[in-house]
Amino acid sequence: MATASEIAAVGVIGAGQMGSGIAQLAAAAGCAVLLLDADPAALSRAVASISASLRRLAAKGQLSQAACEDSIKRIRCVSTVQDLRDADLVIEAIVENEDVKKKLFVELDKITKSSAILASNTSSISITRLASATKRPSQVIGMRFFNPPPIMKLIEIIRGADTSDEVFAAVKSFSERLGKSVICSQDYPGFIVNRILMPMINEAFWALYTGVATKEDIDTGMKLGTNHPMGPLQLADFIGLDVCLSVLRVLHSGLGDNKYSPCPLLVQYVDAGRLGKKRGLGVYSYGQKSSSVKP
Ligand code: NAI
């Protein structure tokens, strides 16, 4: 198994909001990055946004022009899981759905080299269950970045029931190589951050749904009243309302307490395709026509 400094090739699966930022970080840290997505359009968008983001850093003097262009060149878009066979570390950032992720881990287990570490960026799904889909559960780990990965300073590492000390140490040092601080969570629903954050977001939806206040006043209340940089409803839009709903469902079923039951308004927004900033419309509108769903 590769140590952190030996991790030279990183596979990133899912080139959406999270995967594109993770690919950027790994490339900027000197790794060869293989970026895979089921949707070719997502790959094109990711390459454009990574290039723009790195060039902005270069323009601000935070990265040399040469380092910027070298990082962009280190990212190769690929179209099949087989293309990841030489990766030392694979970080999965696909849709938050346990069955789909498990299927991917089964495939990864078959095609990657036996020493490869398989990591998931999941927001809430059990690492132990993903690991049990493979024949290398000691090499499966949660590596949860925050949105947007290049800016946010934290990685939450989740140890599955069988994750080895060596794999934990390698992923911890690799996270530090990416310039991040690390926290470690045991494998329980929502881990640390979402266990605490998602009930707050859900409560903000209940407050909106039951007419306690307007969305603006709920967000301003939490920003100015509790010194949060962003209100919970706006944060939900940035995370993605579909991701918030999936995490709440995992908390609800995993912890068995009705306090985690998703607010009907959140469910309705997701049903209506109002997924947040990534779709131009969520609780707030980001330059698109608003739908008929009324808060
Ligand atoms: P996204 O919807 O922006 O991107 C997901 C990408 O995965 C899409 O481009 C989609 O085409 C691709 N995809 C879906 N199934 C695939 C498959 N089987 N094979 C290859 N590509 C596939 O989602 P986002 O927000 O980037 O989230 C991805 C993961 O990261 C989820 O597990 C989510 O829970 C987690 N996460 C999200 C955070 C957030 O703030 N959005 C924060 C931390 C973790």
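Which loop holds Pro148? Pro148 lies in the loop that joins strand S6 to strand S7 (154–159). The model is a predicted one. In it, the peptide bond from Asn147 to Pro148 is cis. Its omega is near -5°. Asn147 also appears among the closest residues around the ligand.

**Domains**

The chain divides into domain 1 (4–186) and domain 2 (195–279). Their centres, taken over C-alpha atoms, are separated by 27 Å. Six residues from domain 1 and eight residues from domain 2 make the contact. On the side of domain 1 that touches domain 2, one residue is nonpolar, four are polar and one is charged.

UniProt carries two domain annotations for this chain, both from an unreviewed entry. One is "domain: 3-hydroxyacyl-CoA dehydrogenase NAD binding", over residues 10–187. The other is "domain: 3-hydroxyacyl-CoA dehydrogenase C-terminal", over residues 190–286. The table sets out the computed make-up of each span.

| Span | Helix | Strand | Distance between end C-alpha atoms |
|---|---|---|---|
| Residues 10–187 | 42% helix | 22% strand | 24 Å |
| Residues 190–286 | 62% helix | 0% strand | 28 Å |

Between S8 and helix H7 (193–209) runs a loop that contains Phe191. Phi of Phe191 is near 55°. That is a positive value in a residue other than glycine.

**The sheet**

Eight strands form an open sheet. Their order is S3-S2-S1-S4-S5-S6-S7-S8, and the pairing is mixed. Strand S3 (75–78) and strand S8 (181–186) stand at the edges. Each has a single partner strand, so one side of each is left without a neighbour in the sheet. From one strand to the next, the twist averages 25°.

Take one pair in detail. Strand S1 (residues 9–13) runs parallel to strand S2 (residues 32–36), and five bridges link the two. Val12 has Leu35, in S2, as its bridge partner.

**The ligand shell**

How many residues surround the ligand? The count is 29. The closest are Gly14, Gly16, Met18, Ser123 and Asn147. By class, the shell holds 15 nonpolar, nine polar and five charged residues.

Which elements supply at least two residues of the shell each? They are helix H1 (17–28), helix H4 (98–111) and strand S6 (140–145). H1 gives the most, with three residues. Both domains take part: domain 1 (4–186) and domain 2 (195–279) each provide at least three residues of the shell.

**Annotated binding sites**

UniProt places the feature "binding site" at Ser53, Lys60 and Ser123, again from an unreviewed entry. Why do these positions not all gather at one spot? They span 71 residues in sequence, and their farthest two C-alpha atoms are 31.7 Å apart, so the positions do not share one location. Ser53 sits in helix H2 (residues 40–59). Ser123, by contrast, is listed among the closest residues around the ligand.

Note on methods
Residues are numbered from 1 along each chain as its sequence is written. This is a predicted model: local features need pLDDT of at least 70, side-chain atom pairs count only at pLDDT 80 or more; totals for chains, interfaces and linings use all residues. Two strands pair if DSSP finds at least two bridges between them. Helices (H or I, at least four residues) and strands (E, at least two) are DSSP runs, numbered from the N terminus. Axes are lines fitted to C-alpha atoms, for helices over the stretch in contact, and angles run from 0 to 180 degrees between N-to-C directions. A residue is near a molecule or strand if its C-beta atom, placed from the backbone, lies within 6 Å of it. Ala, Val, Leu, Ile, Met, Phe, Trp, Tyr, Cys and Pro count as nonpolar, Asp, Glu, Lys and Arg as charged, and the others, Gly among them, as polar. Domain bounds come from an automatic or database domain assignment. UniProt positions are given in the numbering used here, feature names are shortened, and annotations may be inferred rather than shown by experiment. Two residues are in contact if their C-beta atoms, placed from the backbone, lie within 7 Å.
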